[in-house]
Amino acid sequence: MLQLSVFLENTKGRLAEVLNLLAEFNVNIRALSLADTKDYGVLRVIVENPEEVAEKLKDRNCVVKLTPVWVLRVPDRPGGLAEVLNKLVSEGVIVEYMYAFVERENEQAQVVMRVRDTELMQKAVKKYNLE
């Protein structure tokens, strides 16, 4: 899956400006994460048609990158995420970052993960049937 990474100046109202653009484009945000430093932030979002949305944002002078990520279903119970991560660790997968969301329709927890080695992740996902 592709994630939008939108680079934001750390100024008053900049996040709202980008979110207003997504609303204008009629984009439903499925999941998001915001990380910041003193000078800038990175808004990571999961949306439908990420390539199309990225182009629209670029046309409005936003700095956007498409990043491959994994979205895994996780048992929505205590220890569910730990179980999944333990399986990944046992296969040598290193998680660079992650964030979670709950899918109301199916009442399932899901995590978005960026990993260092896609090949190792692919093998682990297949071995443990994690998708």
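In the predicted model, Lys65 counts as partly exposed because its relative accessibility is 46%, a value between the 20% limit for buried residues and the 50% limit for exposed ones. Lys65 is placed in strand E4, which spans residues 63-68. Leaving aside residues up to four places away in sequence, the contacts of Lys65 are with Gln3, Leu4, Ser5 and Phe7. Of these partners, Gln3 is 62 residues away from Lys65 along the chain, yet the C-alpha atoms of the two are separated by 8.2 Å.

Phe7, a contact of Lys65, also belongs to a nonpolar surface patch together with Tyr40 and Val63. The accessible area of these three residues together is about 270 Å². Val63 lies in strand E4, the strand that also holds Lys65.

Strand E5 comprises residues 70-74 and presents two faces. Trp70, Leu72 and Val74 make up the covered face, whereas Val71 and Arg73 form the uncovered one. Such alternation of side chains between the two faces of the sheet is found in a regular strand. Strand E5 pairs with strand E7, residues 108-115, in the antiparallel sense over five bridges. Within this pairing, Arg73 of the uncovered face stands opposite Gln110 in E7.

At the level of the whole protein, the domain assignment gives domain 1 as residues 2-66 and domain 2 as residues 70-127. The centres of the two domains, taken over C-alpha atoms, are separated by 23 Å. Eight residues from domain 1 and five residues from domain 2 take part in the contact.

Note on methods:
Residues are numbered from 1 along each chain as its sequence is written. This is a predicted model: local features need pLDDT of at least 70, side-chain atom pairs count only at pLDDT 80 or more; totals for chains, interfaces and linings use all residues. Side-chain values use heavy atoms; hydrogens and water are left out. Patches are made of residues with over 30% relative accessible area and no salt bridge: like charges are joined within 9 Å, nonpolar side chains (Val, Leu, Ile, Met, Phe, Trp, Tyr) within 5 Å. Accessible areas come from the Shrake-Rupley method with a 1.4 Å probe; for residues, only the protein chains shown count as cover. A salt bridge is a side-chain nitrogen of Lys or Arg within 4 Å of a carboxyl oxygen of Asp or Glu. Helices (H or I, at least four residues) and strands (E, at least two) are DSSP runs, numbered from the N terminus. Buried means under 20% relative accessible area, exposed over 50%, partly exposed in between (1.4 Å probe, protein chains only). Two strands pair if DSSP finds at least two bridges between them. Contact means heavy atoms within 4.5 Å. Domain bounds come from an automatic or database domain assignment.
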